[in-house]
Amino acid sequence: MHLIQVDSVQRWMEDLKLMTDCECMCILQSKPISIEKDEQNELILSSQYSTCDSLQLLLKRAWIISTELTRIAQKLEKNRWQRVHSMTVRVNCHVHSMINEYNTFTRSSSEEMHQLEKLLIGKCSEFTAFTERCLQTEDEEILKSMKSCVNETLTTVAQYFGQLIELVLTQEAQNLLRQIELSGSVYVTESAISSLFSLAQEGAHLCRIIAKEGGVVALFKICRQDFFRCLYPQTLRTLASICCVEEGMHQLEKVDGILCLADILTDTSHSEATHAEAAAVIAQITSPHLTFTQHLSSFLENMEEIVTALVKLCQEASSGEVFLLASAALANITFFDTMACEILLQLNAVKILLAACSDKHIVDTPYSRDQVRNFSASCS
């Protein structure tokens, strides 16, 4: 699972807290001291973490569990039973912690989720007891016969864990999208979009979940309401992230997303930031690295307006970031369809982009120069 790149020492310091909690839980055998104590801890956690923070904590805990399960399989292959057992105990503790933490900040768990939690906790306890029995014998033949059962239990634990995480993330995506669709508050909507963007940054699998639950539809609905104009840049940035997967692209086509992007790019009343983020979505959906973009028939219908607006954005860009997004979109479009090159030649786009290269404040990175080279090569 993808995590935000940070300094390795900082990552270690963050993970250390989780591991320390884990060791404490081992001593306490994952049992609460008292009901009153649990309620107090719940209040502390609720006040410390926002929903976004809690989701990040959940994802970190899930990443640790996933890593530990992989390592258990490796140690099991080498018959290192002592390590297998100790790691199994840690996984058991992490699973309890993850479930307790999630239930602390959510009050809307479904019956299906509760059932999966019980199945996972039960199987983890069985797994721990099983590996402990393996430590009590030194007979190679008995251990060999037990190994297949341990492997089967490990597979089941991984399966239940995967299903639970999938269900949790789906529920969180649904909650955020419900806020976006039902809220009439700019503040609430902005907060929900920000959390949705954070989820999308965790990788393609999260983007598929968001798209499947109607994320692209909900975000384009925001982009069609003047009331939320101040949220357009943030909304478009989130759309660019989600549209890296095929499910996102299909949803974009269904809601006439290309037409909406063309309207935004050609509307001079929008801010440069909004135009730049719209260009970023265009760059994403026309990326030559994606194999599922060629079905975008609506893009061809709006190509002239989009290309003209992007050339203007390059010409009037006030920063290197804006120029990079617009030029990247233009470069990708030239790979997307050859008809674009004819339009670009008529607009003297090559001359405009090459002239921009003389301004070091606008073309300020190798990435920008690379986009200009790709663009020029495609149109020549």
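Q: Buried means under 20% relative accessible area, exposed over 50%, and partly exposed in between. On that scale, is Gln-371 buried or exposed?
A: Keep in mind that this is a predicted model. Gln-371 sits in helix 19, which covers residues 366–379. Its relative accessible area is 17%, and the cut-off for the lowest class is under 20%. So Gln-371 comes out as buried.

Q: Which residues is Gln-371 in contact with, leaving aside neighbours within four places in sequence?
A: Start with a C-alpha pair: Gln-371 and Asn-332 are 39 residues apart in sequence, yet 8.8 Å apart in space. Now take heavy atoms, where a contact means within 4.5 Å. Once neighbours within four places are set aside, the partners of Gln-371 are Leu-324, Ser-327, Ala-328 and Ala-331.

Q: What does the secondary structure of the protein chain come to?
A: Scan the chain from end to end and count both kinds of element. Strands don't feature, with a count of zero. Helices do, and the tally for the protein chain is 19 helices.

Q: What share of the contacts with a separation of 6 or more is between residues 24 or more positions apart?
A: Begin with the protein chain as a whole, where buried residues make up 49% of the 380 residues. Then turn to contacts, keeping those with a separation of 6 or more. Within that set, residues 24 or more positions apart account for 75%.

Q: How much of the accessible surface of the protein chain belongs to carbon and sulfur atoms?
A: The accessible surface comes to about 19000 Å². Split that by atom type, and the part belonging to carbon and sulfur atoms is 53%.

Q: How many disulfides does a search of the whole structure find?
A: A disulfide is a covalent bond between the sulfur atoms of two cysteines. Among the cysteines here, Cys-149 is partly exposed at 34% relative accessible area, and Cys-230 is exposed at 56%. For a pair to count, the two sulfur atoms must be within 2.5 Å. Across the whole structure, the number of disulfides found is zero.

Q: At what angle do helix 12 and helix 15 pack?
A: Helix 12 runs over residues 257–266 and helix 15 over residues 303–316. Their axes are 9 Å apart, and the crossing is left-handed. The packing angle is about 35 degrees.

Q: How many residues in the contact of helix 12 with helix 15 are nonpolar?
A: Helix 12 brings Ile-258, Ala-262, Leu-265 and Thr-266, while helix 15 brings Glu-305, Ile-306, Ala-309 and Leu-310. Sorted by type, one of these residues is polar and one is charged. The nonpolar count is six.

Q: How far apart in space are Asp-263 and Ala-309, C-alpha to C-alpha?
A: Asp-263 belongs to helix 12 and is partly exposed, at 44% relative accessibility. Ala-309 is one of the residues that helix 15 puts into its contact with helix 12. In sequence, Asp-263 and Ala-309 are 46 residues apart, but in space the C-alpha distance is 9.9 Å.

Q: Ile-258 and Ser-297 are 39 residues apart in sequence, so what separates them in space, C-alpha to C-alpha?
A: Ser-297 lies in helix 14, residues 297–301, and counts as partly exposed at 42% relative accessibility. Ile-258 is among the helix 12 residues that contact helix 15. C-alpha to C-alpha, Ser-297 and Ile-258 are separated in space by 9.6 Å.

Q: What is the phi of Asp-256, which is not a glycine?
A: Most residues other than glycine have a negative phi. Asp-256 lies in the loop between helix 11 (246–254) and helix 12, and is partly exposed at 45% relative accessible area. Its phi is positive, at about 55 degrees.

Q: Where does Asn-348 lie?
A: Asn-348 also has a positive phi, near 55 degrees, in a residue other than glycine. At 47% relative accessible area, Asn-348 is partly exposed. Look for it in the loop between helix 17 (339–346) and helix 18 (349–356).

Q: How far apart in space are Gln-163 and Met-113, C-alpha to C-alpha?
A: Gln-163 is part of helix 6, residues 140–182, and is partly exposed with a relative accessible area of 36%. In sequence, Gln-163 and Met-113 are 50 residues apart. In space, their C-alpha atoms are separated by 9.2 Å.

Methods
Residues numbered from 1 in each chain as written. Predicted model: local features only at pLDDT ≥ 70, side-chain atom pairs only at ≥ 80, totals over all residues. Heavy atoms only, no water. Helix = DSSP H or I, 4+ residues; strand = E, 2+ residues; numbered from the N terminus. Buried < 20%, exposed > 50% of the residue type's maximum accessible area, 1.4 Å probe, protein only. Areas by Shrake-Rupley, 256 points an atom, 1.4 Å probe, with all protein chains shown as cover. Axes fitted to C-alpha atoms, helices over the stretch in contact; angles between N-to-C directions. Left-handed = near helix turned anticlockwise from the far one by under 90°. Nonpolar A, V, L, I, M, F, W, Y, C, P; charged D, E, K, R; others polar.
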